[in-house]
Amino acid sequence: MRPMARVTIIGGGPGGYEAALVAQQLGAEVTVVDRDGLGGSAVLTDCVPSKTLIATSELMSDMTLARDLGINFRDHQGDPATELYADLGLVNKRVKSLALAQSSDIESRLTRRGIRIVKGTGRIDADKRQVIATLAQDGSEEAIENDAVLISTGARPRVLPTAQPDGERILTWEQVYDLDDLPSHMIVVGSGVTGVEFANAYLNLGAQVTLVSSRDRVLPGEDADAATVLQDVLERQGMNILSKSRMESVTRSGDVVTVRLTDGREVTGSHCILALGSIPNTEGLGLEEAGIELDEGGFIRTDKVSRTSAYGVYAAGDCTGGFMLASTAAMAGRIAMRHFLGDAVIPMDLKEVAANVFTSPEIATVGYSQAQVDSGEVVADTLRLDLKGNPRAKMQGISDGFVKLISRPGTGVVIGGVVVGPRASELIHPITLAVSTGLTVDQIANTFTVYPSISGSTAEAARRLHHVE
């Protein structure tokens with residue numbers, strides 16, 4: 001390890017603050033230049049707030065099933081209570097409070113470890129091997145000497161000239177937490193992960209929801225079987241899904257928002273969320289002058305150890321594109337610092353990344369996909385086992401969902417999997433462990449599971465993939 005190597009990190013999101021912790025642990029002198037608050041958008045405006053909102057909506061969804069399980073509500077006079085409602089003002093107050101507390105916790109942790117935090121923006125001065133920080137307090141500049149730089153500046157919601165957010169009725173996913181009242185009719189434009197998560201959340205909270213999808217089904221990038229199950233559930237619960245429909249413009253007149261489609265149809269509602277993808281925050285960083293290559297979308301190109309095309313400059317997180325997840329950002333940041341500081345490092349393998357769609361039911365995936373099997377990209381056996389036959393699922397009133405395993409023929413090595421159901425984000429972990437360590441279906445099948453349990457379906461699916469040679 002280089003003695004007291006100097007590391008400067010631009011951006012305090014998961015890629016940045018996790019990298020800072022690793023670099024400090026390995027003996028580096030670390031400075032984090034942060035603009036918006038430690039934790040970045042993942043903590044302040046994206047992952048933490050959205051999943052907190054979704055957790056509330058999940059509870060609402062669960063409570064609607066109470067009667068099926070024999071549970072009813074009474075008011076104080078003993079009459080049946082039939083109305084369930086969400087106070088969105090209180091919900092969002094809690095959401096923002098948790099986000100700020102998490103950001104404060106991260107800042108305190110870094111400070112305790114002796115990591116310097118500079119509040120402001122940063123850009124690279126490649127000639128002098130410096131990062132120039134423009135301080136938020138007074139706009140003055142500070143030159144920070146460094147031996148390596150990590151860029152972790154994240155991304156922001158994409159908007160269009162014909163659909164400009166106003167922060168009140170036409171919203172990006174970062175602006176929804178200022179709503180005090182539940183929208184009467186929320187229109188969500190975009191059926192990717194972000195759009196579907198918010199559409200599902202507001203549906204569960206009691207709003208009328210219309211989802212505008214340019215494709216023939218929701219979640220076009222996810223497992224087709226999983227997306228079909230989710231779409232069936234959403235439509236059954238009353239969501240209006242406009243498939244193969246493209247937004248042309250979004251306008252507002254008073255309290256009415258109008259989404260005009262390219263085929264001339266118009267949809268009116270009280271609010272609209274634009275979920276149109278992300279744009280990397282890579283402007284004004286001095287990247288071009290430093291010789292750092294960007295792709296056609298403006299994302300920073302990196303290799304499997306987070307190096308950019310410029311010596312001593314690394315990048316992690318949403319500004320690099322790819323899997324735009326907090327977990328991959330954090331891993332990329334840790335890998336970058338271990339590589340630079342000479343510690344043992346394992347390059348990023350995206351086939352080991354577990355991802356989750358936080359809907360009801362959740363959709364969790366890892367490894368090779370069914371689409372890759374169907375296209376012939378990989379030769380594999382697949383098996384889908386519906387949860388409706390699982391005894392624990394029956395007890396909990398779960399009728400939608402499945403476990404799918406993907407394995408190598410002959411050897412039975414697990415190379416992928418999908419879980420659709422409540423808490424799929426938790427249930428995917430043993431399959432992720434199998435993918436990352438090369439376990440076989442027989443090894444999963446011969447491992448004890450609790451009876452009754454939802455995870456028992458994973459072992460049962462593995463047993464059904466056993467081949468007798």
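This tour moves through the structure one selection at a time, from whole domains down to single residues. The model is a predicted one, and the places below are best read with that in mind.

**Domains**

Begin by colouring the chain according to its domain assignment, which gives domain 1 as 6-46 + 93-157 + 279-350, domain 2 as 170-276 and domain 3 as 361-465. With C-alpha atoms used for the centres, domain 1 and domain 3 are 35 Å apart.

Next, select residues 6-333, the range that an unreviewed UniProt entry annotates as "domain: FAD/NAD(P)-binding". This span is 29% helix and 25% strand, and its end C-alpha atoms lie 16 Å apart. Then switch to residues 354-461, where UniProt, again in an unreviewed entry, places the feature "domain: Pyridine nucleotide-disulphide oxidoreductase dimerisation". Here the end C-alpha atoms are separated by 19 Å, and the composition is 31% helix and 27% strand.

**The second largest pocket**

Select Ser61, Asp62, Leu65, Ile398 and Pro422 to reach the second largest pocket, which has a volume of about 730 Å³; of the 27 residues that line this pocket, those five are the closest to its centre. Since domain 2 (170-276) and domain 3 (361-465) both give residues to the lining, the pocket lies between them.

Which helix gives the most to the lining of this pocket? Showing helix 3 (47-64), helix 5 (193-205) and helix 6 (224-236) together is a useful way to look, as each supplies at least two lining residues; helix 3 gives the most, with four residues. If the lining is coloured by class, nine residues come out as nonpolar, 11 as polar and seven as charged.

**Helix 13 and its surroundings**

Move now to helix 13, residues 456-464, in which Gly456, Ser457, Thr458, Ala459, Ala461 and Ala462 are buried. To see what covers these buried residues, add strand 20 (381-386), strand 21 (402-407), helix 11 (429-437) and helix 12 (441-445), which are included in that cover.

Between helix 11 and helix 12, stop at Thr440, which is found in the loop there. Thr440 counts as buried because its relative accessibility is 18%, under the 20% cut-off. Beyond neighbours within four places in sequence, Thr440 is in contact with Thr411, Gly412, Val413 and Val414.

**Two cis peptide bonds**

Continue to Pro452, which sits in the loop between helix 12 and helix 13. The peptide bond leading from Tyr451 to Pro452 is cis, and its omega is near -5°. A further cis bond joins Ser360 and Pro361, with omega about 5°; Pro361 belongs to the loop between strand 18 and strand 19 (362-367).

**Two residues with positive phi**

Select Arg423 in the loop between strand 22 (414-421) and helix 10 (424-427). Although Arg423 is not a glycine, its phi is positive, at about 55°. Is the side of the chain at Arg423 buried or partly exposed? With a relative accessible area of 44%, Arg423 is partly exposed.

Ser306, placed in the loop between strand 16 and strand 17, also has a positive phi without being a glycine, in this case about 75°. Ser306 counts as buried, because its relative accessibility is 4%.

**Ile300 and Val345**

Remain in the loop between strand 16 (278-280) and strand 17 (313-315) and select Ile300. At 2% relative accessibility, Ile300 counts as buried. Once residues up to four places away in sequence are set aside, Ile300 touches Ile151, Thr282, Leu287, Ile292, Glu293, Leu294, Thr308, Ala315, Cys319 and Thr320. A C-alpha to C-alpha distance drawn from Ile300 to Tyr314 should read 9.5 Å, for a pair 14 residues apart in sequence.

Finish at Val345, in the loop between helix 7 (326-340) and strand 18 (355-357). Val345 is partly exposed, with a relative accessible area of 28%. Apart from neighbours within four places in sequence, the contacts of Val345 are with Ile335, Arg338 and His339. A last distance can be drawn between the C-alpha atoms of Val345 and Ile144, which are separated by 27 Å and stand 201 residues apart along the chain.

Key
Residues numbered from 1 in each chain as written. Predicted model: local features only at pLDDT ≥ 70, side-chain atom pairs only at ≥ 80, totals over all residues. Heavy atoms only, no water. UniProt positions renumbered as here; feature names shortened; annotations may be inferred. Domains from an automatic or database assignment. 1 Å grid on protein atoms, 1.4 Å probe; cavity = no way out; pocket = protein on both sides within 12 Å on 5 of 7 lines; lining within 4 Å. Points joined across faces, edges and corners; volume = space filled by probe spheres on them. Nonpolar A, V, L, I, M, F, W, Y, C, P; charged D, E, K, R; others polar. Buried < 20%, exposed > 50% of the residue type's maximum accessible area, 1.4 Å probe, protein only. Contact = heavy atoms within 4.5 Å.
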